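The exercises below treat salt bridges, strand pairing and burial in one model. Each task is followed by a worked solution.

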Amino acid sequence: MEDLSLHILDIAENSIAAGAKRVDIRIRESRREDLLSIEIADDGSGMKQDMLKKATDPFFTTRTTRRVGLGLPLFEQAARAAGGECRIVSRPGSGTSVTGVFRYSHVDRQPLGDIAETLLTLAVGNPGMEFTCRRQTDDADVFFNTAEIEAELRGAPIHSPAGIAAVRKSLERLREGVTHAVGNR
Amino acid sequence: MPKLKLEDLAEVREKARKATSLREGAARVKMTVHMGTCGIAAGARKIVEAALREVEQGDLRDVMVTTSGCAGLCSREPMATVEVVGEAPVKYVDLTEAKVKAIFKEHILGGKIVEQYALAIGSERAY
């Protein structure tokens with residue numbers, strides 16, 4: 001994976017495979033605390049204790065199309081390489097939450113990448129699901145929610161040309177909110 | 001087996017409705033980009049982005065771009081399956097943004113399969 005936004009997309013795909021209806025992504029970037037944390041929480045099927053233990057083992061997977069599963073192991077590796085760790089909390093029936101913590105200034109920390117493009121792919125590619133993203137920095141706190149966009153669309157599907165444009169517009173606000181927040185204050 | 005409740009039936013109906021909406025004319029073409037770990041690492045997100053641009057630019061209201069998991073042929077990612085209503089699905093492999101453009105022009109709009117980019121014509125799974 002080239003950057004963290006691709007890891008987020010990959011972990012969220014796990015949520016979709018686990019039958020989630022809603023995925024909440026939370027990104028905290030704090031230079032002040034030298035911390036970057038990423039949480040992906042879903043309301044999917046969740047995992048039993050024994051599966052949870054094997055979740056970061058590359059030679060464990062629930063899928064049948066291949067025999068290795070690299071999503072979570074790669075995310076864990078990225079966190080560890082940046083002086084952090086990966087925590088997974090899960091219970092059958094109450095969803096899964098995956099949190100990666102990274103040292104912000106660590107030389108091996110992967111860049112965050114294009115989080116907007118990850119959200120666009122998730123939102124448009126999975127109509128009927130709800131995705132939220134809260135992005136906090138030391139000076140900004142912005143929020144993205146597909147439910148708001150769907151309400152604005154009044155019945156037009158999110159994968160229609162109008163839907164795609166609406167998602168893009170909303171994501172622009174998310175991106176600008178972070179870049180310009182310092183200047184606006 | 002537990003007794004079937006009314007809610008269960010509603011769920012079954014919803015599932016069936018989702019599975020058949022393509023046939024009922026909700027979309028004429030469905031393009032499914034495979035988004036497993038392998039696909040994402042190989043650049044599948046760029047492929048989705050390129051496909052969505054085509055839909056937006058051409059105002060293609062009858063084309064649906066969606067995503068699915070790994071299809072089991074990780075070495076040929078990024079991959080996408082193009083399904084035109086009433087025709088056999090076509091699986092395209094080793095995709096690039098330029099190939100996506102060509103697939104939209106020739107296959108999705110022109111109705112002619114881009115054979116040189118296709119792996120196989122048939123089911124959603126590779127084997």
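**Exercise 1.** In this predicted model, classify Glu130(A) as buried, partly exposed or exposed, then identify its salt-bridge partner.

Solution.
- Step 1. The relative accessible area of Glu130(A) is 22%. Buried requires a value under 20% and exposed one over 50%, so Glu130(A) is partly exposed.
- Step 2. The partner is Arg22(A), and the closest N and O atoms of this salt bridge are 3.4 Å apart.
- Step 3. Place the two residues in the chain: Glu130(A) is in strand E5 (residues 130–136) and Arg22(A) in strand E1 (residues 22–30), 108 residues apart, so that the pair links distant parts of chain A.
- Step 4. Arg22(A), with a relative accessible area of 34%, is also partly exposed.

**Exercise 2.** Describe the turn between E1(A) and E2(A) and find the salt bridge formed by Asp34(A).

Solution.
- Step 1. E1(A) and E2(A) run antiparallel and are joined by eight bridges. Within this pairing, Ile27(A) is opposite Ile38(A) of E2(A).
- Step 2. The two strands make a hairpin with four residues between them, and Asp34(A) in the turn has a positive phi of about 50 degrees.
- Step 3. Asp34(A) forms a salt bridge with Arg103(A), with 3.6 Å between the closest N and O atoms. This pair also links distant parts of the chain: Asp34(A) is in the loop between E1 and strand E2 (35–42), Arg103(A) is in strand E4 (residues 96–103), and they are 69 residues apart.
- Step 4. Both ends are partly exposed: Asp34(A) has a relative accessible area of 24% and Arg103(A) one of 41%.
- Step 5. Strand pairing also involves Arg103(A): E2(A) and E4(A) are antiparallel over seven bridges, and Leu35(A) stands opposite Arg103(A).
- Step 6. As for cover, six of the eight residues of E2(A) are buried, and the strand is mostly covered.

**Exercise 3.** Why are Glu76(A) and Arg80(A) separated by about one helical turn, and is each of them buried or exposed?

Solution.
- Step 1. The two residues form a salt bridge, the closest N and O atoms being 3.3 Å apart.
- Step 2. Both lie in helix H3 (residues 71–81) of chain A, and because they are four residues apart there, the separation is about one helical turn.
- Step 3. Glu76(A) is buried at 14% relative accessible area, whereas Arg80(A) is exposed at 57%.

**Exercise 4.** How many salt bridges does a search of the whole structure find, and which residues are linked with Arg168(A) in a network?

Solution.
- Step 1. The search over all chains finds 16 salt bridges.
- Step 2. Arg168(A) is linked with Glu49(B), Arg53(B) and Glu56(B) in a network of salt bridges.

**Exercise 5.** Determine the surroundings of Ser5(A).

Solution.
- Step 1. Ser5(A) is in helix H1 (residues 4–17) of chain A, and its relative accessibility of 0% makes it buried.
- Step 2. Its side chain makes a polar contact of 2.7 Å with the side chain of Asp3(A).
- Step 3. With neighbours within four places in sequence left aside, Ser5(A) is in contact with residues including Leu112(A), Asp114(A), Thr118(A) and Arg45(B).

**Exercise 6.** Which residues form a nonpolar surface patch with Leu9(B)?

Solution.
- Step 1. The patch consists of Leu4(B), Leu6(B) and Leu9(B), with about 330 Å² of accessible area together.
- Step 2. Leu9(B) belongs to helix H1 (residues 6–20) of chain B and is partly exposed at 46% relative accessible area.

Notes:
Residues are numbered from 1 along each chain as its sequence is written. Chains are lettered from A and ligands numbered from 1 in the order in which they are written. This is a predicted model: local features need pLDDT of at least 70, side-chain atom pairs count only at pLDDT 80 or more; totals for chains, interfaces and linings use all residues. Side-chain values use heavy atoms; hydrogens and water are left out. A salt bridge is a side-chain nitrogen of Lys or Arg within 4 Å of a carboxyl oxygen of Asp or Glu. Buried means under 20% relative accessible area, exposed over 50%, partly exposed in between (1.4 Å probe, protein chains only). Patches are made of residues with over 30% relative accessible area and no salt bridge: like charges are joined within 9 Å, nonpolar side chains (Val, Leu, Ile, Met, Phe, Trp, Tyr) within 5 Å. Accessible areas come from the Shrake-Rupley method with a 1.4 Å probe; for residues, only the protein chains shown count as cover. Two strands pair if DSSP finds at least two bridges between them. A polar contact is a pair of N or O atoms within 3.5 Å; within protein, one must be able to donate a hydrogen and the other to accept it, and residues adjacent in sequence count only if both atoms are side-chain atoms. Contact means heavy atoms within 4.5 Å.
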